[in-house]
Amino acid sequence: MDFKKLAGVLRESGVPSFRLKQVRDAVYKNFAASWDEIPVLPAQLREKLKRDFHIHAVEPLETLVSKKRDAIKFCFGLKDGLKIETVLLNLLPEKWSLCVSTQAGCPVRCPFCATGRKGLKRNLSPDEITDQFLAAAHYLKSRGSHKIGSVIFMGMGEPFLNYDSVSEAIRAISDPERIGLGHRHISVSTVGHVPGIRRFAKDFPQCNLAISLHAADDELRNDLVPLNRNYPLSQLAKALKDYIFMTKRRVFVEYVMLEGVNNSRSQTGKLNAWLRTVAAPKYFVVNLIPYNRTGGPYAAPARERIKIFAELLEKAGLEVTIRKSLGADISGACGQLAGR
Ligand code: SAH
Ligand code: SF4
């Protein structure tokens with residue numbers, strides 16, 4: 001919600017300032033999505049606001065629920081007609097995680113990712129990011145479902161190429177007077193944008209950081225993550241080293257598994273060696289993400305081969321998890337968000 005604009009509208013109409021606080025609580029705490037859901041406001045004011053002011057900057061166009069009911073994908077329309085996607089994931093019993101988008105499209109163009117395929121349309125505003133939370137929370141509340149316990153900036157787009165909006169959205173989501181979710185329940189996934197990692201360490205040392213690595217040698221990583229040409233592995237290692245030194249936090253290392261591309265035994269050796277140039281193994285959790293189909297030339301390795309890859313890393317002292325793929329039947333899994 002564009003709170004500043006609303007404050008201006010109310011002030012101009014001579015509405016007392018306590019009304020603004022009533023609206024703030026109704027929208028951010030009780031997830032009201034329409035003016036009729038805020039009955040404490042005088043009817044006349046509600047009618048006026050209905051004409052002049054949308055509560056959310058995003059409008060739900062379509063909502064898809066996976067067969068197992070453990071993933072819900074929202075397609076939202078923006079004011080200029082662009083579309084973005086947001087996914088609710090039921091990773092823990094009775095708690096939802098919300099995966100939010102930060103850009104319409106993405107300029108990084110990783111070849112295995114559906115979001116990157118069309119390039120960048122534009123950056124999202126802080127409200128367009130925060131309101132994905134408000135709209136998803138409204139949906140869950142209206143169905144009497146459990147709450148959102150964590151937010152991951154892992155939807156469409158590269159968060160650190162839209163740093164200002166992302167940091168504003170983190171403030172709105174964590175501000176006790178607005179949504180009030182603790183920083184420890186907020187994670188940002190970056191492809192390795194070095195200046196962004198450095199700012200994030202200073203601004204949000206309590207939030208979680210995930211790095212989409214996918215390869216630990218520059219030649220392969222230049223292909224898989226084209227932004228590696230701007231910030232090669234040596235620079236990324238330095239930034240992560242400083243991040244860990246400043247925050248004392250563990251870093252989540254994402255590794256999408258592509259058969260015959262980055263899943264050989266020698267790749268585990270390279271990954272392990274590179275991580276050791278950054279910090280001791282206890283500072284990392286390696287998250288293996290089996291490739292989800294996006295229509296490109298790639299394929300996911302067989303389950304058994306992913307397990308072998310994981311075991312080799314574990315032998316080197318690393319904590320490894322294999323990501324459960326939720327929502328593939330609604331094209332809501334990692335990398336499948338295209339805003340079609
Ligand atoms: N741009 C950021 C955040 C959004 S992408 C980033 O890349 O980190 C979220 C995650 O999904 C990234 O780790 C990305 O590598 C992964 N991903 C992209 N395409 C995928 C695919 N087809 N299958 C599995 N994971 C994919
Ligand atoms: Fe962008 Fe992330 Fe997709 Fe790469 S994986 S194209 S950085 S959204």
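The exercises below, each with a worked solution, deal with a predicted model.

**Exercise 1. Describe how the two domains meet, and name the residues of domain 1 that lose the most area to domain 2.**

Solution. Begin with the bounds: the domain assignment of the protein places domain 1 at residues 3-52 and domain 2 at residues 59-330. Next take the separation, for which the C-alpha centres of domain 1 and domain 2 give 35 Å. The contact itself draws 10 residues from domain 1 and 10 residues from domain 2. The size of an interface is often expressed as the accessible area that is lost when the parts come together. Here domain 1 and domain 2 bury about 930 Å² between them, and 58% of that area lies on carbon and sulfur atoms. Finally, on the domain 1 side, the residues that lose the most area to domain 2 are Tyr28, Lys29 and Phe31, which together account for 64% of what that side buries.

**Exercise 2. Work out the strand order of the open sheet of 10 strands, and then place helix 9 against its strands.**

Solution. Reading across the open sheet, the order is 1-2-3-4-7-8-9-10-11-12, and the pairing is mixed. The edges are strand 1 (59-65) and strand 12 (319-322), each of which pairs on one side only. From one strand to the next, the twist averages 25°. Within the sheet, strand 10 (residues 251-257) and strand 11 (residues 284-290) run parallel and are joined by seven bridges; one residue to locate is Met257, whose bridge partner in strand 11 is Pro290. Helix 9 (residues 233-247) can now be added, since this helix lies across strand 9 (208-212), strand 10 and strand 11, and runs at about 165° to strand 9.

**Exercise 3. List the residues that surround ligand 2, and sort this shell by class.**

Solution. First collect the neighbours with a heavy atom within 4 Å: ligand 2 is surrounded by Cys106, Val108, Arg109, Cys110, Cys113, Gly116, Gly157 and Val191. Then sort the shell around ligand 2, which gives five nonpolar, two polar and one charged residues. Cysteine and valine count as nonpolar in this sorting, glycine as polar and arginine as charged.

Conventions. Residues numbered from 1 in each chain as written. Chains lettered and ligands numbered in written order. Predicted model: local features only at pLDDT ≥ 70, side-chain atom pairs only at ≥ 80, totals over all residues. Heavy atoms only, no water. Pairing = 2+ DSSP bridges. Helix = DSSP H or I, 4+ residues; strand = E, 2+ residues; numbered from the N terminus. Axes fitted to C-alpha atoms, helices over the stretch in contact; angles between N-to-C directions. Contact = heavy atoms within 4.5 Å. Domains from an automatic or database assignment. Buried area = accessible area lost by both parts, 1.4 Å probe.
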